[in-house]
Amino acid sequence: MAAALLVLLLATPGAHAQGKRKVIQFTGIVATGDSLLGVPGATIYVPKAGRGTASNIYGYFSMAVLAGDSIVIRSLGYANQTIVIPKDFQRQSYSVIVQLKEDATVLPEVRVFPYTTERDFKKAFLALRLPTERGSAAADNLNQELMNRIFRTQPMGAVANFRQTMSNQQLDYDRHMGMAPNQYSNNPLLNPFSWLQLIQQVKKGEFKKKDTNDDY
């Protein structure tokens, strides 16, 4: 009897050690199946334990799991994948490359109405009575005096500023090329061509008084 009790006490710690699962560092990269580009923001979690993590911008992840855990990898637009860690896995780390496959799903159209059926909505819409234009906010906004005040005080917008700037630049260019009026062409005293013409007229004697023979 004493020998049997001693054997039972010696066997209990071993049995407890065998029932305790090993902690493993689970790492890997979540990538697309066609180009092997990293999938950022993919969730890697153990549903039964309620723990998990997410991949970084390069698709890399790292988390602690237990031997025998079923790990689900999922991301929007891709089919879910499940990885099971073997129960008898003896190493301290488990690394994988998960290739997700695209799973394009077209969701059905959803129409939201404040009525029970579309027929009730149409009935309520047809029975709607709009207020008359006179005395309404729309009529007040079209008041001629109000529109004139807005026209006189409204600042220039971005489009008008752009057009004004482009117009001024074009006018300066035309003036520089001599194709538009400027201060020199408008004022003959500041125009060198006018002075040149005046000098030529003086040299030719166009301003001398011509002798006239008056017969009486």
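These legends describe close-up views of a predicted model.

**View 1. Four strands make an open sheet.**
The strand order is 3-2-5-6. Pairing throughout this sheet is antiparallel. Strand 3 (51–54) and strand 6 (81–84) stand at the edges. Each of these two has a single partner strand, so one side of each is left without a neighbour in the sheet. From one strand to the next, the twist averages 20 degrees. Strands of a sheet pair through backbone hydrogen bonds, and the pairing can be parallel or antiparallel.

**View 2. Strands 2 and 3 form a hairpin.**
Strand 2 covers residues 43–46. Strand 2 pairs with strand 3 in the antiparallel sense, over four bridges. Thr43 of strand 2 stands opposite Ala54 in strand 3. Val46 stands opposite Arg51 in strand 3. Four residues lie between the two strands of the hairpin. Gly50 sits in the turn and has a positive phi of about 75 degrees.

**View 3. Strand 2 also pairs with strand 5.**
Strand 5 spans residues 70–74. Three bridges join strand 5 to strand 2, and the two run antiparallel. Ile44 has Ile73 in strand 5 as its bridge partner. Which residues of strand 2 lie on its covered face, and which on its uncovered one? Ile44 and Val46 make up the covered face. Thr43 and Tyr45 make up the uncovered face. Ile44 therefore belongs to the covered face and is bridged to Ile73 in strand 5.

**View 4. Tyr94 and its contacts in strand 7.**
Tyr94 lies in strand 7, which runs over residues 93–100. Leaving aside residues up to four places away in sequence, Tyr94 touches Ile24, Gln25, Phe26 and Thr27, along with Ile83, Val84, Ile85, Pro86 and Phe89. Ala67 is 27 residues from Tyr94 along the chain. The C-alpha atoms of Tyr94 and Ala67 are separated by 10.0 Å.

**View 5. A nonpolar patch lies on the surface.**
Six residues are shown here: Phe113, Tyr115, Phe121, Phe125, Leu126 and Leu128. Together they have about 620 Å² of accessible area. Phe125, one of the patch residues, lies in helix 2, residues 118–126. Is Phe125 buried or exposed? Phe125 has 55% relative accessibility, so it counts as exposed; the cut-off for exposed is over 50%.

Definitions and conventions. Residues are numbered from 1 along each chain as its sequence is written. This is a predicted model: local features need pLDDT of at least 70, side-chain atom pairs count only at pLDDT 80 or more; totals for chains, interfaces and linings use all residues. Side-chain values use heavy atoms; hydrogens and water are left out. Contact means heavy atoms within 4.5 Å. Patches are made of residues with over 30% relative accessible area and no salt bridge: like charges are joined within 9 Å, nonpolar side chains (Val, Leu, Ile, Met, Phe, Trp, Tyr) within 5 Å. Accessible areas come from the Shrake-Rupley method with a 1.4 Å probe; for residues, only the protein chains shown count as cover. A salt bridge is a side-chain nitrogen of Lys or Arg within 4 Å of a carboxyl oxygen of Asp or Glu. Buried means under 20% relative accessible area, exposed over 50%, partly exposed in between (1.4 Å probe, protein chains only). Two strands pair if DSSP finds at least two bridges between them. Axes are lines fitted to C-alpha atoms, for helices over the stretch in contact, and angles run from 0 to 180 degrees between N-to-C directions.
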